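Reader: I am new to reading protein models, and I would like to understand how the words used for them are justified. Could we go through this one with care?

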Amino acid sequence: MVAVAVLGYGTVGSGVVEVIETNHDSILQKTGVDLQVKYVLDLREFPGDPVQEKLVHDYDVIVNDPEVRIVVETMGGLNPAYEFTKRALEAGKSACTSNKALVAQYGTELLETAKAHQASYLFEASCGGGIPIIRPLRTSLGADVIDEITGIVNGTTNYILTKMSDEGLEFDDVLRDAQQKGYAERNPEADVEGHDACRKIAILSSLAYGKRVDYTDVYTEGITKITSAEVRYAKELGMAIRLLAYSHKDVENDGRVIAMVAPFLVKKTDPLYFVNGVFNAIFVHGNMLGDAMFYGQGAGKEATASAVVSDVIEEAQTLGSSVMSEWSPEKQELQPVSETEKQFFVRMAGDARNREEAEQVFGAISTVQADLPDEYGFITPVMSEAKFQECAAQLEDKVLGMIRIRA
């Protein structure tokens, strides 16, 4: 029997307890692991819930109990999640989490702590919810040199963009709907400003490329500036707007890494075009495998809890050793986004019949009409981000908006 402690009895924590207890016999039969939840840590009481029998309010009870071999952190945030996780690892207990903020901020340190104490620190659910992506990167794709990761990794923003497209609504209206349905938090900033996706691509890039990618270095834009006008132009172009987390390593030349989060126009020929609602999808490119796509529900109680318990099972099977899931503490320097090249879609004030000014600045453009008064759209030639900003500055306030186009 392997005793497990769960920190936090919220959405994910209660899901973890439910998965372990409901699927106990199936897990035992398939893996040979007899998991038992011994403690649940929470400040609250849960009268009438069977968890009351396992509920504790003092973390020292857990960390000082030698029978507890695995600690599951589902509290969220940085404090006390960081302190509790580190203390567990220092006590030789393995730990796992769905907390992408914690992994992005302290992952390097916690991985080193785990290794030093013959324990494991796993975080499958931190980047794709229920989508398996961390384990494939470190095991199934271990023979490949990974040079690109691109994905829709935030279900809230994908739901908002999908509904804006399907119903022609504005961002604020769809956000309220998402909050009412529980897809968006009361304070949605981490999702809609791209911070959540930023942390996830930093974690995935660190694993894929072998050096620590600091999430604060990742260029990040959210979706709050997307309006129904951009959506209409996207439909006219036969494209869809998606918030993409993207990173690329130039393995054939200087090994430099690009990482960014921003809205992109995605073509119908791209499988990401068809990823709708709260679903997520992550593309990984390896030098031998080529493209692989991981698709599924990126959030939700059951999906996320299932991914967490997969980590618990692996840790239970490898007690007394450290599962290799790490990257070098050496910082990965990122190529400035200003040096990267792509095409841009631009909304421009004025009339397409008087496009000479835009052509003089941007060169050969192709115009797009969406029957919107006093404006038109156009697509630029391939150019660097720096060149685009230079051109846009020349047109002053006539540029109404811009979205990058995924090649």
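Author: We can begin with the cysteines, keeping in mind that this is a predicted model. The structure holds zero disulfides.

Reader: How do you know that Cys96 is not bonded to another cysteine?

Author: A disulfide is a covalent bond between the sulfur atoms of two cysteines. To be counted here, the two sulfur atoms must lie within 2.5 Å. The closest cysteine sulfur to that of Cys96 belongs to Cys127 and is 14 Å away, so the pair is too far apart for a bond. Cys127 is likewise in no disulfide, since the nearest cysteine sulfur to its own, that of Cys198, is 11 Å away.

Reader: Why are Cys96 and Cys127 called buried?

Author: The word buried is kept for residues under 20% relative accessible area. Cys96 has a relative accessible area of 1%, so Cys96 is buried, and Cys127, also at 1%, counts as buried for that reason.

Reader: What makes the chain as compact as a globular protein of its length?

Author: The chain has 15 helices and 19 strands. Its radius of gyration is 23 Å, and the globule rule gives 22 Å for 407 residues; the two values are close, so the chain is as compact as a globular protein of that length. Along its principal axes, the C-alpha trace spans about 75 × 50 × 35 Å. Buried residues make up 55% of the 407 residues, and, among contacts between residues at least 6 apart in sequence, 73% join residues at least 24 apart.

Reader: Why does Ser14 count as buried, and what does Ser14 touch?

Author: Ser14, which has its place in helix α1, has a relative accessibility of 13%, and because the limit for buried is under 20%, Ser14 falls within that class. Not counting residues up to four places away in sequence, Ser14 touches Tyr9 and Lys301. Ser14 and Leu334, which are 320 residues apart in sequence, are 39 Å apart in space from C-alpha to C-alpha.

Reader: What makes Thr85 a buried residue, and which residues is Thr85 in contact with?

Author: Thr85 is placed in helix α4, residues 81-90, and its relative accessibility is 1%, so by the limit of under 20% Thr85 counts as buried. Contact means heavy atoms within 4.5 Å. Leaving aside neighbours within four places in sequence, Thr85 has such contacts with Glu73, Ala95, Leu102, Leu110 and Tyr121. In the loop between β4 (68-73) and α4 we find Pro80, and a cis peptide bond, with omega of about 10 degrees, joins Asn79 and Pro80.

Reader: Why are Asp371 and Glu396 called exposed?

Author: Exposed means over 50% relative accessible area. Asp371 has 70%, so Asp371 is exposed, and Glu396, at 64% relative accessibility, therefore counts as exposed too. Asp371 is found in the loop between β16 (366-368) and β17 (375-379), while Glu396 lies in the loop between α15 and β19. Asp371 has a positive phi of about 55 degrees although it is not a glycine, and Glu396, again not a glycine, has a positive phi of about 50 degrees.

Reader: Which residue follows α12, and what is its phi?

Author: α12 is followed by Gly238, whose phi is positive, near 70 degrees. Within helix α12, residues 228-237, the buried residues are Ser228, Ala229, Glu230, Val231, Tyr233 and Ala234.

Reader: How many residues line the largest pocket, and what makes a residue part of a lining?

Author: A lining residue has an atom within 4 Å of a point of the pocket. For the largest pocket there are 43 lining residues, of which Val12, Lys100, Glu185, Asp196 and Ala299 lie nearest its centre. About 1,200 Å³ of space lies in this pocket, and its lining divides into 12 nonpolar, 23 polar and eight charged residues. Helices that each supply at least two lining residues include α1 (11-22), α5 (100-116) and α13 (301-317).

Reader: Which element gives the most to the lining of the second largest pocket?

Author: That element is β19, with six residues. The second largest pocket has a volume of about 410 Å³ and is lined by 18 residues, among them Glu221, Lys225, Gly401, Met402 and Ile403, which lie nearest its centre. By class, this lining has nine nonpolar, four polar and five charged residues.

Notes: Residues numbered from 1 in each chain as written. Predicted model: local features only at pLDDT ≥ 70, side-chain atom pairs only at ≥ 80, totals over all residues. Heavy atoms only, no water. 1 Å grid on protein atoms, 1.4 Å probe; cavity = no way out; pocket = protein on both sides within 12 Å on 5 of 7 lines; lining within 4 Å. Points joined across faces, edges and corners; volume = space filled by probe spheres on them. Helix = DSSP H or I, 4+ residues; strand = E, 2+ residues; numbered from the N terminus. Nonpolar A, V, L, I, M, F, W, Y, C, P; charged D, E, K, R; others polar. Buried < 20%, exposed > 50% of the residue type's maximum accessible area, 1.4 Å probe, protein only. Rg over C-alpha atoms; globule rule 2.2 N^0.38 Å.
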